[in-house]
Amino acid sequence: MSTAHPPGPVLRLDPTAGRGATMPLFVLHPGSYELGKADDNDLVLAAHGIAGRHCRVEIGAAGVEVRRLEPGAELAVNGRAVPAQGGVRLRSADRLLIGPLEFAVRVEAAVAASTSHPPPPPAPPRPPSPSHAPARTLASAAPPLPEGLQTGALFAGYRLGVPLGSGGTSVVFRAVRVSDNLEVALKVLHPGVQLVAHAAARLFREAEVCGALASHPGVVPILEVGKSRAHTYLALRFVDGADVQTLLRRQGRLPVKTSLEIAVQAARCLAFARGLRIIHRDVKPGNLLVGRDGAVRVLDFGLARHTGGEAASAITGCGQGIGTLTYMAPEQVLNAKGVDHRADIYSLGATLYAMVAGRPPFEPTTPLQFTEKLFYVIPPTLKSLDPTVPDLLSAAIERCLEKDAARRFPEYEDLLQDLNRVLEYF
């Protein structure tokens, strides 16, 4: 089974220069797509110099054409401006300039559905270990899979395997890229949710931020972000492992040494992002992936904010809280747009607390009751829950969880110094 497409080629836009060089490969399948800064575009380009409705790309049996949508929007092909009226045909090896972003153009034949590519076989069984049992697939209560996106289906050049997880806005498949048999994790937005909570804009944000952080081993490489008719998708390199939330669900709590090693690796990745003026804003157990080799990757930069620019302004309004309440800093509840890296330090401390204690600093209740605790109640110290916890670790987490950001560790380096000192005992 495969998702149907109108006839036509596939357009690949590969960033080549300037700010575009940190962006992912964009892939558009046959159809009509609007590109621009506004969140409800088919392809969101959040950069200075991009108009709200910048251009339209038409992909059909006759080929690929690009048209300007707003007067004054900078749009050029091979150095020649696209006229205000009419469009310009795009061909492989062309250079497309959209505002400050330059892309190398590739026009390729679409991958046809074929019985010669059977669904990928299930992964060979592995003996479970205490920290890495076989990955859990979708629970029976999970939302139904989008029509046409079932195991074995061909979608956007990928053969879909088993679903790895699903939520209200997206489903993640284990999949294989047909062109080279590369195994990937494919995140696909459910049709109709693209405008709910700016889901599509956040997917593009995640791809752009991960592109900027691509040189760090703690970030999963983004292969491409694309649009295939009703579906917006993101392809990431597949990493075999389990997130910390899954490990906690299996084990109840993690050994102190394991918890410290996970937190130290996560802190180093977040410190790298801090150096590029990027804050995550959704650090939690479910967003820390532990590979079978023990390496930790920080996932889901869809809520990330660049503190030096306007990137978050279109997604997060002033006075609006976003993130996961259980691990969110008090100031982020009030105004997510105004937080800095110390909100991530709080969330990392709350995550480390959960790993060691087997429960978050505050147990989930109603949002109102939880918020009252977050602002006015001091959580029990790790030392009071488990006397064997090292004093320095308990004190370090207490400092991370200070309600006043000014009383927390000022930088990740300060936090890492304390965590590494605790690790010396093991």
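In strand E20 (residues 288–291), Leu288 and Val290 point one way while Leu289 and Gly291 point the other way, and all of these residues are buried. The strand belongs to a predicted model, and its pairings, together with those of a second strand, E16, are a convenient place to begin reading the structure.

**Strand E20 and its partners**

On one side of the pairing pattern, strand E18 (residues 241–243) and E20 run in the antiparallel sense and are joined over 3 bridges; within this pairing, Asp243 has Leu289 of E20 as its bridge partner. E20 also pairs in the antiparallel sense with strand E21 (residues 296–298), again over 3 bridges, and here Val290 stands opposite Val296 in E21. The hairpin formed by E20 and E21 has 4 residues between the strands, and in that hairpin Gly294 takes a positive phi near 90°.

**Strand E16 and its partners**

Strand E16 (residues 222–228) is mostly covered, since 7 of its 7 residues are buried. Strand E2 (residues 26–28) runs parallel to E16 and is joined to that strand by 3 bridges, with Leu28 standing opposite Lys227 in E16. The pairing of E16 with strand E17 (residues 231–237) is antiparallel and extends over 6 bridges, and Val225 is found opposite Leu234 in E17. Between the strands of the E16 and E17 hairpin there are 2 residues, and Arg229 takes a positive phi near 55° in this hairpin.

The four pairings described above can be set side by side as follows.

| Strands | Sense | Bridges |
|---|---|---|
| E18 and E20 | antiparallel | 3 bridges |
| E20 and E21 | antiparallel | 3 bridges |
| E2 and E16 | parallel | 3 bridges |
| E16 and E17 | antiparallel | 6 bridges |

**Helices H5 and H9**

Turning to the helices, the axes of helix H5 (residues 341–357) and helix H9 (residues 412–423) come within 11 Å of one another and cross at roughly 25°. Because that angle falls under 35 degrees, H5 is roughly parallel to H9. On the H5 side the contact is made by His341, Asp344, Ile345, Leu348 and Leu352, and on the H9 side by Tyr412, Leu415 and Leu419. By character, the residues of the contact between H5 and H9 divide into 6 nonpolar, 1 polar and 1 charged.

**The surroundings of Pro330**

Pro330 lies in helix H4 (residues 330–334). Pro330 counts as buried because its relative accessibility is 3%, under the 20% limit for that class. When its neighbours within four places in sequence are left aside, Pro330 is in contact with Tyr346, Leu374, Phe375, Lys403 and Arg408. In addition, the C-alpha atoms of Pro330 and Glu402 are separated by 9.3 Å, although these two residues are 72 residues apart along the chain.

**Confidence in the model**

The protein has a mean pLDDT of 85, and 83% of its residues reach 70 or more. Confidence is lowest in helix H1 (residues 199–212), at a mean of 84, and highest in helix H3 (residues 256–275), at 98. Two stretches call for more careful reading: over residues 114–141 pLDDT stays under 50, and the model has 38 contacts beyond four places in sequence for them, while over residues 310–321 pLDDT likewise stays under 50, with 35 such contacts in the model.

Notes. Residues numbered from 1 in each chain as written. Predicted model: local features only at pLDDT ≥ 70, side-chain atom pairs only at ≥ 80, totals over all residues. Heavy atoms only, no water. Axes fitted to C-alpha atoms, helices over the stretch in contact; angles between N-to-C directions. Parallel < 35°, antiparallel > 145°, perpendicular 65-115°, else oblique. Contact = heavy atoms within 4.5 Å. Nonpolar A, V, L, I, M, F, W, Y, C, P; charged D, E, K, R; others polar. Buried < 20%, exposed > 50% of the residue type's maximum accessible area, 1.4 Å probe, protein only. Pairing = 2+ DSSP bridges. pLDDT = per-residue confidence, 0-100.
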